[in-house]
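Q: I'd like to learn how to read a fold from its coordinates. Can we go through one together?

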Amino acid sequence: MEKVKRSLLFGDNKQHVLNGQHEFPPRKDRMVKSYNTNQTDWYESSYWIYAWFPFRQYGKSCQLSNFACIHCKEKELESHQYVYRPMFSFDKTYYCYHRRVRCKSCLKNFAEIDPRFLPQFPTIILERFKFTTTVRGYGIDLMMLYHFANLHPAGSCLG
Ligand SMILES: [Zn+2]
């Protein structure tokens, strides 16, 4: 996954990320000749990548200095390490790359996709994030959730 991260930040996908592209399809098929059984090949052939770097991609519209810590409410945040988390959609599993931020005031850190932090983003940016998240667990595609919510009263979830 380190290789995937490098490609998003420095490699051939960097410009796409800066242009605001979020979704990157699997780069290999497991059946091709060059397929090995190492970890990177497995991930690259099985999962989509979702790049969510709002401060990098929409830096003009949102500055980290305007955001408050979810714990102490101070505006003393700094970017921390890059991490990823699985997100589920209809027929795909995404690995959502994002950052954690650290509060210089209370020294706690949390994910940029934390549901307590996301509401601080301007709506026009937040609507580009297609998942709903929990504090630590997996995320779920919002459209999928809406479909479930629609189907449930009709009893179709059980059929
Ligand atoms: Zn804090």
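A: Sure, and let's begin with burial. A residue is buried if 20 or more other C-beta atoms lie within 10 Å of its own, exposed if 12 or fewer, and partly exposed in between. Keep in mind that this is a predicted model.

Q: How does Met1 count by that rule, and why?

A: Met1 has 16 C-beta neighbours inside 10 Å, so it counts as partly exposed. Met1 sits in the segment before α1. Leaving out residues up to four places away in sequence, Met1 touches Tyr43 and Tyr84. Its C-alpha atom is separated by 26 Å from that of Glu127, 126 residues apart along the chain.

Q: And why does His147 count as partly exposed?

A: Because His147 has 14 C-beta neighbours inside 10 Å, which puts it in the partly exposed class. You'll find His147 in helix α6, residues 142–151. Between the C-alpha atoms of His147 and Asp41, 106 residues apart along the chain, the separation is 32 Å.

Q: What share of the protein's residues is buried?

A: Buried residues make up 20% of the 159.

Q: Which residues have the most contacts inside the largest nonpolar core?

A: For a core, look for buried nonpolar residues joined through C-beta atoms within 7 Å. The largest one here has 19 residues, and those with the most contacts inside it are Ile49, Tyr50, Ala51, Trp52, Tyr94, Cys96 and Tyr97. At least two of its residues come from each of α1 (2–9), β2 (48–51), β3 (77–88) and β4 (93–103). There's a second, separate core of five residues, including Cys69, Ile70, Leu77 and Val101.

Q: What is Trp52 in contact with?

A: Setting aside neighbours within four places in sequence, Trp52 is in contact with His22, Cys96, Tyr97, His98, Ile113 and Phe129.

Q: How do I read strand pairing: which way do β2 and β4 run?

A: Check the bridges and the direction. Four bridges join β2 to β4, and these strands run parallel. One pair to look up is Ala51 with its bridge partner Tyr97 in β4. Strand β1 (residues 23–24) is joined to β2 by two bridges, and that pair runs antiparallel. There, Glu23 has Tyr50 of β2 as its bridge partner.

Q: How many helices and strands does the protein have?

A: Six helices and seven strands. Along the sequence the pattern reads α-α-β-α-β-α-β-β-β-α-β-β-α.

Q: Among contacts between residues at least 6 apart in sequence, what percentage join residues at least 24 apart?

A: That comes to 54%. As for dimensions, the C-alpha trace spans about 50 × 45 × 25 Å along its principal axes.

Technical notes: Residues numbered from 1 in each chain as written. Predicted model: local features only at pLDDT ≥ 70, side-chain atom pairs only at ≥ 80, totals over all residues. Contact = placed C-beta atoms within 7 Å. Pairing = 2+ DSSP bridges.
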